[in-house]
There are 2 protein chains.
Amino acid sequence: MSQHIKLLEKGTITSAKGFQAGATFAGMKSFAEDKYDLGIVYSTRPCTCAGTFSTNEVRSFSIRITEDNVRKGEVRAVIANSGIANAVVGDQGRKDALEMARLAAQQLGVQPDQVGVLSTGLIGAELPMALIRSALPKVKVSEAGGTQFARCMMTTDTAPKEVAVAYQHGGRTVTIGGVAKGSGMIHPNMATMLCVVATDAAVEAGFLRQALKSSVDRSFNMISVDGDTSTNDTVLLLANGAAGGQPVAAGSPEAALFQEALDMVCTFLAKAIVRDGEGASKIFEVRIEGARNEAEARMAARTITNSNLVRTAVHGNDPNWGRVIAALGRSGAKVEESKLSLYINGVCIMEGGLPIPFFKDAVIMQMRQPEVSFRVSLGLGDGSATAWGCNLSEAYVTFNSAYTT
Amino acid sequence: MSQHIKLLEKGTITSAKGFQAGATFAGMKSFAEDKYDLGIVYSTRPCTCAGTFSTNEVRSFSIRITEDNVRKGEVRAVIANSGIANAVVGDQGRKDALEMARLAAQQLGVQPDQVGVLSTGLIGAELPMALIRSALPKVKVSEAGGTQFARCMMTTDTAPKEVAVAYQHGGRTVTIGGVAKGSGMIHPNMATMLCVVATDAAVEAGFLRQALKSSVDRSFNMISVDGDTSTNDTVLLLANGAAGGQPVAAGSPEAALFQEALDMVCTFLAKAIVRDGEGASKIFEVRIEGARNEAEARMAARTITNSNLVRTAVHGNDPNWGRVIAALGRSGAKVEESKLSLYINGVCIMEGGLPIPFFKDAVIMQMRQPEVSFRVSLGLGDGSATAWGCNLSEAYVTFNSAYTT
């Protein structure tokens, strides 16, 4: 972590000045012990905004409305629900997403196109709008409501995911806070990873979009729980300028600092999602170095984190490096066997394409750590990338074999 | 099945005239109850030959030598071993693969470049050539040896995979027989699906290559056990003309019949591999219709068979169709939600993009069958494809978590 950027204790989305949040239980989910399923985030000031959205060809209307509103550029509030994904329900999904935005806007005194709508849960069921209409007035937003909001997005998550960091610049304190949910890329019929990040920095809209894309590419786009993307994946970023100062623009002195802080928030939340993956008990990191270019490094890192055989090896603390090399080989990245090196938690397993005799019990002990790291050097160029995955366990299979039945 | 093509009882690779096979135990594997691990297939006559090979960037030298020899065009014998993959062992792998071809050639009285070499097993270990040299003379080839050869390729397979079909043409009986192994695309550190197909048809070499590619694209390339391709995947096809007649050429009257028979052999063996997938107890078929083109249909079918969430739903007899649609949506195939239909074992679950109320218990009963079928109609064009996958079970995870440790 940069020494200029501080991780805040009990940080959450409302750690950023001028943001309020709250949540209630509307009755859409019965499976979580935590009983919030409908919530709001609100900025007391106008915002610049940016978003990244699922590339799935089948998308919830909630995501489509949100993308439209982000494009219009004035989103300053978010309404979120869990339990129902509002996906694959025909045109009713569009009407319901629009009504959710309208209801939140009325309550907050803003315009409907200033509201983002996030839904996560069962695919193919309509939103229970009567429940939402009657419950929404119970949502009271405040600066203390960040964790409530984090909880209202949870489905099979075992814990809320929230973080905030702060930095000093030009005599001001700038804070970035965020919340996320998602213990699978797509859940047992319950879609989705969702994330909302809020900052009190003033940020020029073009740079905000660019900074978010860059952070997401290095964080949320580099994690995998089960290889399935969802119909509802969304990351939103709102910047309200409550910290004062000139808007951060590309190339400005503050831009690099803002980017680094945003990277920290996104990476923290992304890793929290993997760590809480369904049935997962440990996280592993795959670091690729020396690829021909960054695109190939990313492909290689993601393919290895997605491999069921690598993931079961991690589950079994098994230094089964042949699986890592075989996954690498099918990733699409150029590989020259004679230039390959592989390290597991720092122990060299293979060098110059040849296995190195290693003391297996020592590597097994290393792999018993809650975090395992594989570092692969391809020796072909400057491309590098890091991805994170989680172990594939019997519990994952059991959990996902019997969700709707 | 075409009425012109007959499935033979107890058919195997030596059902084709002029082919002999045999195997022995050299001591390379200790984990299988079946104790063959070194074998030979031999044609008493010269052959035309064709092959398809793993696209993995990391490949065994066995595969590279075999590909070279197939390119030279006179392969008429195959030596195979299981237990050791001869992959990721540096240049020693090349020397050993060449020596295996040389040893088999000497024993059979043919040239080394007339021999294909197939290896499957642990990655990163050298072949025990001393064992192979001393055991190979014990391999006696005969027309009764097909099943022995099928067994010598087995690693975690629970049963040998073999089949033969025959058709009549121009007063001759033409037989195509084949054997295969592979209960994962890549095994717990043991690579590979391998397949050898033999026919007594005379087949022009160009058409033989084209016919094999076409069959493999519809069979082996459409199955998935765990999404991992291996360093050693190989399909070989030898045609020795012992049935007599003019060589089958593209566009000839016999070509379509030969292709259909070859498709049957390859599809039978491909499905046998999936059925015997590690930890698998049932197979499922994904049929895509109405895609914009065949390439998109293939992508869609393969993505759905590879989805861990679909595979765990099949395991749990769970008609969790949202997972099928979500996997479809990320496959890269164009989807228009309002044109989608989905059937599970013939029961319509979704039509025109809207879920249809179905009697869940009835669908669950359907899914308890040993074969489950998903049929998805995209309503966009003429592209269609079929792929096969197997359930993802707790047993798969347990098995793959503790292989080398």
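Among contacts in chain A between residues at least 6 apart in sequence, what percentage join residues at least 24 apart? The figure is 80%. Good morning, everyone. I should say at the outset that the structure before us is a predicted model.

Let me begin with the overall form of chain A. Its secondary structure comprises 11 helices and 17 strands. The radius of gyration of chain A is 22 Å, close to the 22 Å that the globule rule gives for 405 residues, so chain A is as compact as a globular protein of that length. Along the principal axes, the C-alpha atoms of chain A occupy a box of roughly 65 × 55 × 35 Å.

What share of chain A is buried? Of its 405 residues, 63% are buried. As for the surface, the accessible area of chain A is about 13700 Å², and carbon and sulfur atoms account for 50% of that area.

I turn now to charge. Chain A carries 39 positive and 39 negative charges, and the mean positions of these two sets lie 2 Å apart. Side chains of opposite charge can pair when their charged atoms come close. Over all chains, the structure holds 37 salt bridges. In chain A, one network of salt bridges links Arg59(A), Glu67(A), Asp68(A) and Arg71(A).

Three pairs in chain B deserve individual attention. In the pair formed by Asp276(B) and Lys161(B), the closest N and O atoms are 2.6 Å apart. Asp276(B) lies in the loop between helix 6 (255-275) and strand 12 (283-291) of chain B, while Lys161(B) belongs to strand 7 (residues 161-169) of chain B, so this salt bridge ties together parts that are 115 residues apart in sequence. Are these two partners buried or exposed? Asp276(B) counts as buried, at 11% relative accessibility, and Lys161(B) is buried as well, with a relative accessible area of 3%.

The second pair joins Arg94(B) to Asp91(B), with 2.8 Å between the closest N and O atoms. Here Arg94(B) is partly exposed, its relative accessible area being 33%. Asp91(B) is likewise partly exposed, at 38%.

In the third pair, the side chains of Glu289(B) and Arg287(B) form a salt bridge with an N to O distance of 3.4 Å. Glu289(B) is partly exposed, with a relative accessible area of 24%, and Arg287(B) is also partly exposed, at 26%.

To close, I would return to the pair Asp276(B) and Lys161(B): Asp276(B) is buried, Lys161(B) is buried, and a salt bridge joins them. Thank you for your attention.

Notes:
Residues are numbered from 1 along each chain as its sequence is written. Chains are lettered from A and ligands numbered from 1 in the order in which they are written. This is a predicted model: local features need pLDDT of at least 70, side-chain atom pairs count only at pLDDT 80 or more; totals for chains, interfaces and linings use all residues. Side-chain values use heavy atoms; hydrogens and water are left out. Helices (H or I, at least four residues) and strands (E, at least two) are DSSP runs, numbered from the N terminus. The radius of gyration is taken over C-alpha atoms; the globule rule is 2.2 Å times the number of residues to the power 0.38. Buried means under 20% relative accessible area, exposed over 50%, partly exposed in between (1.4 Å probe, protein chains only). Contact means heavy atoms within 4.5 Å. Accessible areas come from the Shrake-Rupley method with a 1.4 Å probe; for residues, only the protein chains shown count as cover. Lys and Arg count as positive and Asp and Glu as negative; His and the chain ends are not counted. The place of a charge is taken as NZ of Lys, CZ of Arg, CG of Asp or CD of Glu. A salt bridge is a side-chain nitrogen of Lys or Arg within 4 Å of a carboxyl oxygen of Asp or Glu.
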